[in-house]
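Q: I would like a close look at one part of this model, followed outward to the parts around it. Please take it slowly and keep the description connected.

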Amino acid sequence: MIYVFLADGFEEIEGLAPVDILRRAEKDVVTVGIGSDAVRASHGVTVLCDITDMQVQLDERLEMIVLPGGMPGTLNLEKSPIVQATIDYCMSNDIPVTSICAAPYILGKKGILNGKQATCFPGFEKFLEGAQLSSDGVVTDGNITTGVGPGVAIDFGLRLVEILCGKAESDRIAAGMQCRK
C-alpha cells in the first residue's frame with residue numbers, strides 16, 4: 001500500500017499525477033486527507049480522499065509514502081503528527097519516502113537528507129541542510145526520492161513506479177501515456 005498524503009494547499013499535479021501513474025501500475029494507492037477526507041488544493045480543486053489521517057495504519061503492508069508540495073500544503077503536512085510518525089516509521093523500516101517541490105523541506109528539517117542527494121523547488125534549498133543538492137528533476141538516493149516541482153510530476157510518478165515495479169513497467173506506462181523522453 002502507498003499512502004499519498006494530501007493537505008489543504010497541496011499542489012494538484014504533484015499529488016494526483018503520482019496517484020494516477022501508480023494506479024496504472026496496479027499499485028494499491030491510498031489518498032490520505034490531513035484533517036478531513038475533503039482537501040482543497042492550492043488552485044481550488046477539492047479532492048475527496050480515500051481515508052483521513054486518523055485511519056492510517058503503519059504495518060508491513062506499507063510500501064511507500066508520497067508527500068506533494070505546494071503552499072501551504074507542505075506546512076500543513078509538516079504540522080501533522082501522523083505524517084511525522086509515518087516518515088519515522090518508513091525511515092526505521094527502509095520504506096521509500098518520496099517528496100516533491102517544497103515537501104523535501106519536511107525531510108530536510110528532520111535531518112533525513114543529511115549526506116543524500118536531493119532536489120527541491122528553488123528557494124527551499126536552505127532547508128535541505130546537509131543534502132548534496134542536485135540539478136536533476138528527480139533524484140533517488142537510497143530510500144529517498146525528491147522532485148523539483150510540478151513540471152516533473154509525471155517523471156516523478158514514473159520514477160516511483162520504477163522503484164516499486166522496475167524499469168520495464170515504468171517504461172510501459174510512459175509509452176502508454178505518450179511520454180516523450
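Which helices do the buried residues of helix 6 pack against?

A: The model is a predicted one, and what follows should be read as a description of that prediction. The buried residues of helix 6 pack against helix 1 (12–24) and helix 5 (153–165). Helix 6 itself runs over residues 167–176, and its buried residues are Glu169, Ser170, Ile173 and Ala174. Around the axis they cover an arc of only 135 degrees, which puts them on the same side of helix 6. The face turned away from this buried side carries Ala168 and Gly176, both of them exposed. Helix 6 is followed by Gln178, which has a positive phi, near 65 degrees.

Helix 3 (residues 81–92) can be read in the same manner. Its buried residues are Val83, Gln84, Thr86, Ile87 and Cys90. Seen down the axis, these fall within an arc of 165 degrees, so they line one face of the helix. On the other side of helix 3, Pro81 and Ser92 are exposed. The twelve residues of helix 3, at 1.5 Å a residue, should span 16 Å, and the end C-alpha atoms are indeed 16 Å apart, which agrees. Just after helix 3, Asp94 takes a positive phi of about 55 degrees. As for the surroundings of helix 3, its buried residues pack against strand 1, strand 6, helix 2 (73–79), strand 7 and helix 4 (104–109).

The strands in that list lead to the sheet. Seven strands form an open sheet of mixed pairing, in the order 5-2-1-6-7-11-10. Strand 5 (51–52) and strand 10 (138–141) are the edge strands, each pairing on one side only. Strand 6 (residues 64–67) pairs with strand 1 (residues 2–6) in the parallel sense over three bridges, with Tyr3 standing opposite Ile65. Strand 6 also pairs with strand 7 (residues 97–100), again in the parallel sense and over three bridges, and here Val66 stands opposite Thr98. In a regular strand the side chains alternate between the two faces of the sheet. In strand 6 both faces are covered, since Met64 and Val66 on one side and Ile65 and Leu67 on the other are all buried. Towards one edge of the sheet, strand 10 and strand 11 (residues 144–147) pair in the antiparallel sense over four bridges, and Val138 stands opposite Gly147 in strand 11.

Several of these residues return in the nonpolar interior. In soluble globular proteins, nonpolar side chains tend to be buried together. The largest nonpolar core here has 31 residues, and those that touch the most other members are Tyr3, Phe5, Ile65, Leu67, Leu77, Ile87 and Leu107. The elements giving two or more residues to this core are strand 1, strand 2 (29–33), strand 6, helix 3 and helix 4. Apart from this core lies another, of 25 residues, among them Leu6, Phe10, Val47 and Leu160. To return to Leu107, its contacts, leaving aside residues up to four places away in sequence, are Leu67, Ile87, Val97, Ser99, Ile112, Leu113 and Ile144.

Helix 4 also takes part in an aromatic arrangement. There are four aromatic pairs in the model. In one of them, the rings of Tyr105 and Phe127 have their centres 4.9 Å apart and their planes at 85 degrees, so the pair is edge-to-face. This pair links distant parts of the chain, for Tyr105 lies in helix 4 whereas Phe127 lies in the loop between strand 8 (117–118) and strand 9 (132–133), 22 residues apart. Tyr105 is buried, with a relative accessible area of 8%, while Phe127, at 30% relative accessibility, counts as partly exposed. The rings of Phe124 and Phe127 have their centres 6.1 Å apart and their planes at 45 degrees, so that pair is tilted. Phe124, at 17% relative accessibility, counts as buried, because the cut-off for that class is under 20%. Ring pairs thus link Tyr105, Phe124 and Phe127 into a cluster.

Key
Residues numbered from 1 in each chain as written. Predicted model: local features only at pLDDT ≥ 70, side-chain atom pairs only at ≥ 80, totals over all residues. Heavy atoms only, no water. Buried < 20%, exposed > 50% of the residue type's maximum accessible area, 1.4 Å probe, protein only. Pairing = 2+ DSSP bridges. Expected span 1.5 Å × (residues − 1). Arc of directions from axis to C-beta. Contact = heavy atoms within 4.5 Å. Core = buried A, V, L, I, M, F, W, Y, C linked by side-chain atoms within 4.5 Å. Phe/Tyr/Trp six-rings, centres within 6.5 Å; stacked < 30°, edge-to-face > 60°.
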